[in-house]
Amino acid sequence: MRFSVYQISRRGGREKNEDRMGYCYTRDSGLFALADGMGGHPEGEVASQMSLQTLAAQFQQEARPTLKDPKRFLSEGILAGHHQLLRYAVERALLDTPRTTLVACLLQGREAWWAHCGDSRLYLVRGGRLVARTRDHSYSELQETLTGIVPLGDKVNRNVLFTCLGSPGKPVIDIAGPVSLQPGDRVLLCSDGLWGVIDDATITRELAAAPIGESVPELVELALRTAGDKSDNVTVIAVEWEASENDDEDTLAGIETAALGDDMFESTIQAGHGPGQEAADLLDDEEIERSIREINEAIRRTAQKRG
């Protein structure tokens, strides 16, 4: 495989940055992921980091050097991160679970697969044209999809997400692919700090206008300027498939994987899953249900005390 990648994260106007991103790869497979810890819940930065760590650890275990079933990997890897967040909350007796969105893309054999939960997005741009974009798990996107079929009513907050990782209910994970890749295709993963203030047409146009080492930081700066002091965290990771060898090596991570051995693995995602946790140390179905009951019971008791 040959690709170029550029990643950037800015805190914006927030007190801390709860976004996380990173990538890992073997000789024949690459994983790119981004997570946005959710405000209004505890330890969003833990949620986003843990979900990426879990997914990367599973990739390292299974990609030897390719994944046998990319769709299954994305589904199970993202769900494993959800389970780790439930465990984290129970072990620390938290009254609420850390929560996060997540979007991930897998490149393998000149094809791409992707999956997401929440409203972190993926854009696939080819020749200056938007080929694909994920659909947010929000009521506003749901209304657009179901216009004239299922009215949501005026009382629904359309910006609220109806699923994420770390919530007591089982998360909704949408998976797409395989999509054949062409040289020069660009894949952009971003948090809502970018797309919330820049429309799809502008993102598409600017991403295609220059090498990703130039276009991506310019997009991020545009988002920060547009949002001003109230800017959310803005995080982007972009990949150009079979990028031109003339791209600026000073601003891009140009990666050629042919020299890697079957068992070699490279990653920018920090290893670890939290104190005392191992990659394969996941909750079984019974433990998950018990964890959910304990969390819901703690929430119920807290609500009764406040009442």
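This is a short talk on the cysteines, the aromatic pairs and one helix of the structure above.

Hi everyone, thanks for coming. Before we start, please keep in mind that this is a predicted model.

Let's begin with the cysteines. How many disulfides are there? The count comes to zero. Take Cys164, which is in no disulfide: the nearest cysteine sulfur belongs to Cys117 and is 6.3 Å away. A disulfide needs the two sulfur atoms within 2.5 Å, so that pair does not qualify. As for surroundings, Cys164 has 5% relative accessibility and counts as buried. Cys190 is buried too, at 0%.

Now for the rings. The structure holds six aromatic pairs, and I'd like to show you two of them.

Our opening example is Phe3 with Phe32, an edge-to-face pair with 5.4 Å from centre to centre and 85° between the planes. Which parts of the chain does it tie together? Phe3 belongs to strand E1 (residues 2-10) and Phe32 to strand E3 (residues 29-37), so the pair joins parts that are 29 residues apart in sequence. Are these rings buried or exposed? Phe3 is buried at 1% relative accessibility, and Phe32 is buried with a relative accessible area of 1%. If you have the viewer open, look around these two rings as well: Phe3, Tyr23, Tyr25 and Phe32 form one aromatic cluster.

The other example is Phe59 with Phe265. Here the ring centres are 6.1 Å apart and the planes sit at 45°, so this pair is tilted. It links distant parts of the chain, 206 residues apart: Phe59 is in helix H1 (residues 44-62), while Phe265 is in the loop between strand E11 (253-256) and strand E12 (266-267). On accessibility, Phe59 counts as buried at 0%, whereas Phe265 is partly exposed, with a relative accessible area of 22%.

There is also a charge to mention alongside the rings. The charged end of Arg121 sits over the ring of Trp195, 3.7 Å from the ring centre.

Last stop, helix H5, which covers residues 200-209. Which of its residues are buried? They are Thr202, Ile203, Thr204 and Leu207. And what covers them? The cover includes three strands and two helices, namely strand E6 (121-126), strand E7 (129-133), strand E9 (186-190), helix H4 (192-195) and helix H6 (212-227).

That's my tour, and I'm happy to go back to any of these spots in the viewer.

Key:
Residues numbered from 1 in each chain as written. Predicted model: local features only at pLDDT ≥ 70, side-chain atom pairs only at ≥ 80, totals over all residues. Heavy atoms only, no water. Buried < 20%, exposed > 50% of the residue type's maximum accessible area, 1.4 Å probe, protein only. Phe/Tyr/Trp six-rings, centres within 6.5 Å; stacked < 30°, edge-to-face > 60°. Helix = DSSP H or I, 4+ residues; strand = E, 2+ residues; numbered from the N terminus. Lys NZ or Arg CZ within 6 Å of the ring centre and 35° of its normal. Contact = heavy atoms within 4.5 Å.
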